[in-house]
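This explanation leads the reader through one protein model and its ligand. Please keep the sequence and the coordinates at hand while reading.

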Amino acid sequence: MSEHSGHSVAIVGTGSYLPSKVLTNDDLSKIIDTTDEWIQSRTGICERRIAADDEATSDMCAVAATRALEQAGVAAEEVGLIIVATVTPDMVFPSTACFVQHKIGASNAFCFDIEAACSGFLFSLDTARRFLDGGSVETALVIGGEKLSTVTDWEDRATCVLFGDGAGAAVLQRKTNNGRGILESVAGSDGGLAHLLNIPGGGSRNPTTKETIDQRLQYMKMAGNEVFKHAVRCMCDAATKVLEKANLTWDDVTWVVPHQANMRIINAIANRFDGNIDKFCINLNRYGNMSGASVPVALDESVRDGRIKPGDIVLFVAFGGGFTWGATVMEWGHGK
Ligand code: ACO
């Protein structure tokens with residue numbers, strides 16, 4: 001709940017966009033040494049979407065944002081802040097959020113990106129909430145968008161089966177109608193474990209050269225087993241902490257919208273609590289891991305298909321490179 005009594009910050013619209021090209025596990029088995037059986041049993045992923053060559057992250061984000069604004073009944077000119085969570089920006093700078101602003105005509109917004117890998121959408125949600133809570137912004141757009149196909153090493157079977165492209169968006173507003181909206185958030189990071197999941201090339205540490213390209217440093221590297229263990233522990237801890245902070249229990253939670261990295265991670269989280277996997281909103285079988293886009297796309301689908309309803313307690317939880325992790329709990333849906 002807001003630190004200031006009498007108002008709350010609510011999500012008043014959601015939207016998403018998935019590129020039309022589908023890449024199935026069987027398609028992958030034709031280009032690398034893998035099988036549909038291995039991928040499904042180790043990850044739960046069946047297929048993922050791949051953006052077109054001329055489709056950048058901001059293009060996907062702009063469509064998701066427009067759909068979210070339409071659902072909210074909010075004009076682009078009303079948006080005061082745009083935050084894009086991404087590890088695959090259109091360019092190093094300017095921010096992808098600036099490109100989105102221009103595409104959707106949100107001329108009154110100030111714009112920046114947040115880089116927190118798979119936790120990026122939750123970090124952005126919490127950041128936007130504080131601008132709204134403080135009163136300097138009335139309406140914010142928070143978007144998670146990724147074109148991970150451009151940083152995926154298609155010769156590395158241990159990672160290339162995991163990722164996909166897409167974008168999801170949420171419109172946030174401050175409300176004064178006694179709804180509860182976003183209740184609490186927690187977030188954490190451990191830069192000491194950055195080496196377990198990263199893209200080593202292309203930044204100031206290893207600027208792009210012929211050598212870095214020959215070494216394939218422009219692609220994601222991941223120590224899958226290590227990441228797996230930390231992901232389960234950090235997401236369980238974050239979920240526990242945010243519920244405690246909100247004075248809620250696991251039984252109060254209607255829906256969990258988790259980061260979608262691996263079905264075994266999601267099952268492990270469910271088993272740590274009441275074992276009820278049915279209250280998790282899951283789409284990784286269709287889209288794989290879309291990093292910052294995973295949570296908002298799963299949210300939008302669950303709102304649009306009628307699963308998430310007003311009054312529901314919704315728990316978001318995520319983990320990603322950095323390491324970063326976070327959780328947010330909210331009461332869904334008051335005041336469009
Ligand atoms: N097809 C067939 N075999 C494969 C494949 C593949 N696609 N990939 C790996 N293998 C093989 C390995 O070579 C290995 O063979 P070996 O035993 O002969 O050496 C064997 O399968 C087992 O490999 P592991 O890496 O131990 O497999 P694991 O069960 O750990 O699954 C996975 C790997 C899916 C990556 C898992 O570790 C995982 O999901 N990790 C977490 C990912 C995550 O949470 N990411 C979150 C953040 S992502 C972000 O921030 C961008």
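The paragraphs below treat two sheets, then the surroundings of the ligand, and finally some points of backbone geometry.

The model is predicted. One of its sheets is open and consists of 5 strands in the order S1-S7-S6-S4-S5, with mixed pairing. Strand S1 (8–17) and strand S5 (110–114) occupy the edges; each has a single partner strand, so one side of each is left without a neighbour in the sheet. From one strand to the next, the twist of this sheet averages 20°.

Within this sheet, strand S6 (residues 139–147) and strand S7 (residues 165–175) are joined by 9 bridges and pair in the antiparallel sense. Glu-146 offers a point of reference here, as this residue stands opposite Gly-166 in S7. Helix H5 (residues 120–134) lies across S1, S4, S5, S6 and S7, and runs at about 165° to S6.

A further open sheet is built from 4 strands in the order S8-S13-S12-S11, and its pairing is likewise described as mixed. Its edge strands are strand S8 (182–189) and strand S11 (255–258), each of which pairs on one side only. The twist in this case averages 10° from one strand to the next.

How do S11 and strand S12 run relative to one another, parallel or antiparallel? S11 and strand S12 (residues 313–320) run parallel, and 4 bridges join them. Trp-255 has Val-314 as its bridge partner in S12. Across S11 and S12 lies helix H11 (residues 294–304), which runs at about 145° to S11.

Attention now turns to the ligand. It is surrounded by 25 residues, of which the closest are Thr-34, Arg-42, Cys-118, Asn-225 and Asn-262. By class, this shell comprises 13 nonpolar, 8 polar and 4 charged residues.

Several polar atoms of the protein can be located with respect to the ligand. An N or O atom in the side chain of Thr-34 is 2.6 Å from a nitrogen atom of the ligand. Gly-224 places a backbone N or O atom 3.0 Å from a nitrogen atom of the ligand. For Asn-225, a polar side-chain atom lies 2.7 Å from an oxygen atom of the ligand. On its own, the ligand has 1000 Å² of accessible area, and the protein covers 75% of this.

Which elements give two or more residues to the shell around the ligand? They are helix H2 (36–43), helix H6 (157–160), helix H8 (224–245), helix H9 (263–272) and S12. H8 gives the most to this shell, with 4 residues. S12 thus appears both here and in the 4-stranded sheet.

The backbone geometry deserves a final look. The peptide bond from Phe-93 to Pro-94 is cis, with omega near 0°. Pro-94 belongs to the loop between strand S4 (81–85) and helix H4 (96–104). Another cis peptide bond leads from Gly-322 to Phe-323, with omega near -10°. Phe-323 is situated in the loop between S12 and strand S13 (324–331). Arg-216, a residue other than glycine, has a positive phi, near 60°. Its position is in the loop between helix H7 (210–214) and strand S10 (221–222).

Definitions and conventions: Residues numbered from 1 in each chain as written. Predicted model: local features only at pLDDT ≥ 70, side-chain atom pairs only at ≥ 80, totals over all residues. Heavy atoms only, no water. Pairing = 2+ DSSP bridges. Axes fitted to C-alpha atoms, helices over the stretch in contact; angles between N-to-C directions. Contact = heavy atoms within 4.5 Å. Near = heavy atom within 4 Å. Polar contact = N/O pair within 3.5 Å; in protein donor to acceptor, adjacent residues only side chain to side chain. Areas by Shrake-Rupley, 256 points an atom, 1.4 Å probe, with all protein chains shown as cover. Nonpolar A, V, L, I, M, F, W, Y, C, P; charged D, E, K, R; others polar.
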